[in-house]
Amino acid sequence: MSRGGSFDSSHLPSICPPEFSKPPHKRPPRRRKAPKKSPVKKYEPVNVHHGVAEAGPSNSDTYGPVSPRNEPSLPSSVESPAEENLLEPDNRVCESKNEVGDGSGCGVVIDVMTVLEELQLGAEEPELSSDQFRINDQLQEDELLAMESIYGENVIILDRQRGLRSFEIRIEPKIPDELTITTKLPSSNSKMQTTSTTSTADEFSYSFRVQFVPPIVLTCSFPKSYPSHKPPHFTISVQWLDSLRISSLCSVLDSIWMEQQGQEVMYQWIDWLQSFSLPHLGIHQEILLGPYGVKHTGDRRAVSESVSPDVDIPSLRRYNDEQTLENFLNNLHECCICFSEYPGSDFFRLPCQHFFCRNCIKTYSDLHVSEGTVNKLLCPQSKCGGMVPPGLLKQLLGDEKYERYESLLLQKTLECMSDAVYCPRCEFVCIEDDDNFAQCPKCFFNFCSLCKNARHVGEPCLTPELKLQLLEMRLKSSQISSTQRLAEQNKINELLSEKEIARDAKLCPHCKMAISKTEGCNKMVCGSCGNYFCYLCNKAITGYEHFRDGACELFSQEAIQQWEAQMNMRQTVGRVRAELNLGEAHSCPNCGQRNAKTDNNNHIFCWACQKHYCYLCRKVVKRSSEHYGPKKCKQHTAG
């Protein structure tokens, strides 16, 4: 996988959209004839007036749907006037798309194309012969074609400025796996409670991590004397650097030209900005935004698009989200259920940031809905328990199965409510009172919620045995119709079933579901509501503390003896097999006892220390699903 292919979930949107099928943002196509003085710029702050910044994309389609990340958010208690802009920038359209802030926050607006025209007017062109002019013109055309073939859509050809070739190229600097972006937030008019580190009494440090930063924009025009005599006119625009640091980059480009005057220099400039600009500025793991509120100083070719924290932070995070998503879509990833590799567009992502291939998550959802265990339809990742959004389920299940899902979920929810009962006549949901009586709001039948008979104030409920006798007596009567006789027989069968279930089962104290233990300990988990209870005393519990006081045993003596007998037999079989296959047996990495491989299974269970380990790598295995896989050890091999 390429960098970022391992998919760091903490930088992805969490709820919109649930499927990685349509990237929210695509790089604009290369345009050969952009309108004069209007090169396309993404994420550019605009309309800076009196120190208050307004930001927005150049059109409404530039930004796709993005969602919150699992990163530290900005302090929510900031009461400064710019608080709303800090969390969600303005979406008004830029009036002049080639105008950017100077990074000072002082209301100064810098027009990149105006700066380029000033550089052209201030430069003195030497007199060239017609042959030299044709040679320069041909070299410029060849260099532009070469850059287009190398950098593709990152190169945008602009209209000629004063008859000179002009273009813009977006250069993505090489960064480590992650960068920390830090800025200083003033706290003069805020009551801030945060865990961030304070730098001074009036400032707070806010940091967040990114994998991508907006590109360095190099805008150039070729004078007629380039490359024979003069270098290209250029400006450098960067959103996350101040003008002084950008001026340092301009000086390096000048020095590169001085070292190879008379030659084409664009590729060397672009390569240096891409590979060495960050190390040159001393940026290895962290970028410090700002300073803000400082007038533009340094080289006039250095254009800082940095405006203010309330504009820069949302813009940088949005760009990182979109590029991370696009990078995920363009790479192959391994599904942690089937261990197969698919492109990112074939995955669904849950709000907990875990992602699974389309086939696996659909099969998983269909299985739970078919079996009625909708309360367990959670994130398949081990020990996660995150929810699966209803919108995603509707897309996976279809209309018919989704209706069944909603119906089962409502039923499971009502069963978990201690005061919710069903009417014995129409099966409508009712709420019982403190005396265990309820009235159906649909058929208005008053009944006892314990015995499901008519309301009997001051009289005890009929026991199941007595109720069964009455039903059998009514069944023997010759005065009832065949339909009523069938209904009475069904009631008898239901009472007999409940009697048989009650003999070997316990009712869950939460939802009254009958549960029978087949083996294992006395700590039971209800398959309907998911709550724990003790099988001996039928009390609701949360952990194993209930069994530590000695009132109830975790394992019965009979179960312990049965388990020991099984383990002794397993130990005997394993030991005999190792002795019979002594030449093929190998030592356990935990205790050193010899074990033999069974058939083609590389998952070995040591008969002596009861540890599991891998036959191939000789390492102890805690979870087979995490140890074996397509790019890991094979669980089944011959020999």
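This is a dialogue on how to read some features of a predicted model.

Trainee: How many salt bridges does a search of the whole structure find?

Mentor: Side chains of opposite charge can pair when their charged atoms come close. In this predicted model, the search of the whole structure finds 12 salt bridges.

Trainee: Which side chain meets Glu118 in a salt bridge?

Mentor: The partner of Glu118 is Arg300, with 3.6 Å from N to O. This pair links distant parts of the chain, 182 residues apart. Glu118 belongs to helix H2 (residues 112-122), while Arg300 sits in the loop between strand S12 (286-288) and strand S13 (302-304).

Trainee: Are Glu118 and Arg300 buried or exposed?

Mentor: Neither word fits here. Glu118 has 38% relative accessibility and counts as partly exposed. Arg300 is partly exposed too, with a relative accessible area of 43%.

Trainee: What does the salt bridge between Asp137 and Arg165 look like?

Mentor: Their side chains meet at 2.7 Å, N to O. Asp137 lies in helix H3 (residues 130-151) and Arg165 in strand S6 (residues 164-171), so this salt bridge ties together parts that are 28 residues apart in sequence. Asp137 counts as partly exposed, at 28% relative accessibility. Arg165, at 11%, counts as buried.

Trainee: Which residues are linked with Asp137 in a network of salt bridges?

Mentor: The network consists of Asp137, Glu141 and Arg165.

Trainee: Where does Asp242 fit in, and which residue does its side chain meet?

Mentor: The side chain of Asp242 meets that of Arg245 in a salt bridge of 2.6 Å, N to O. Asp242 counts as buried because its relative accessibility is 13%, and the cut-off for buried is under 20%.

Trainee: How should I read a charged residue that has no salt bridge, such as Asp312?

Mentor: Look for the nearest side chain of opposite charge, then for polar contacts. Asp312, in helix H7 (residues 309-329), is buried yet has no salt bridge. Its nearest side chain of opposite charge is that of Arg245, 9.4 Å away. A salt bridge needs the two atoms within 4 Å.

Trainee: Which side chains make polar contacts with the side chain of Asp312?

Mentor: One is the side chain of Tyr292, at 2.7 Å. Another is the side chain of Ser306, also at 2.7 Å.

Trainee: Let us turn to pockets. How much space lies in the largest pocket?

Mentor: The largest pocket holds about 2,000 Å³ of space. It is lined by 45 residues, and the closest to its centre are Ser449, Leu450, Lys452, Glu494 and Glu498.

Trainee: Which helices and strands each supply at least two residues of the lining?

Mentor: The helices are H9 (390-415), H10 (464-476) and H11 (482-504). The strands are S18 (420-422) and S22 (506-507).

Trainee: How many residues of each class does the lining have?

Mentor: By class, the lining of the largest pocket has 26 nonpolar, 14 charged and 5 polar residues.

Trainee: Now the backbone. Which peptide bond leading to Pro227 is cis?

Mentor: The one from Tyr226 to Pro227 is cis, with omega near 5°. Pro227 lies in the loop between strand S10 (216-221) and strand S11 (233-238). The peptide bond from Gly290 to Pro291 is cis as well, with omega near 5°. Pro291 is in the loop between S12 and S13.

Trainee: Which sign does phi have at Gln353, and where is Gln353?

Mentor: Phi is positive at Gln353, about 80°, although Gln353 is not a glycine. Gln353 is in the loop between strand S16 (347-349) and strand S17 (355-357). At 1% relative accessibility, Gln353 counts as buried.

Trainee: What is phi at Lys383?

Mentor: Lys383 has a positive phi of about 60°, and Lys383 is not a glycine either. Lys383 is placed in the loop between helix H8 (358-371) and H9. With 84% relative accessibility, Lys383 counts as exposed.

Trainee: Last, where does Gly527 lie?

Mentor: Gly527 is in the loop between strand S24 (523-525) and strand S25 (532-534). Gly527 counts as partly exposed, at 38% relative accessibility. Its C-alpha atom is separated by 9.5 Å from that of Cys508, and the two residues are 19 residues apart along the chain.

Terms used
Residues are numbered from 1 along each chain as its sequence is written. This is a predicted model: local features need pLDDT of at least 70, side-chain atom pairs count only at pLDDT 80 or more; totals for chains, interfaces and linings use all residues. Side-chain values use heavy atoms; hydrogens and water are left out. Helices (H or I, at least four residues) and strands (E, at least two) are DSSP runs, numbered from the N terminus. Buried means under 20% relative accessible area, exposed over 50%, partly exposed in between (1.4 Å probe, protein chains only). On a 1 Å grid over the protein atoms alone, a cavity is a set of points where a 1.4 Å probe fits but cannot get out, and a pocket is an open set with protein on both sides within 12 Å along at least five of seven lines; lining residues have an atom within 4 Å of a point. Grid points are joined across faces, edges and corners, and a volume is the space filled by probe spheres set on the points. Ala, Val, Leu, Ile, Met, Phe, Trp, Tyr, Cys and Pro count as nonpolar, Asp, Glu, Lys and Arg as charged, and the others, Gly among them, as polar. Lys and Arg count as positive and Asp and Glu as negative; His and the chain ends are not counted. A polar contact is a pair of N or O atoms within 3.5 Å; within protein, one must be able to donate a hydrogen and the other to accept it, and residues adjacent in sequence count only if both atoms are side-chain atoms.
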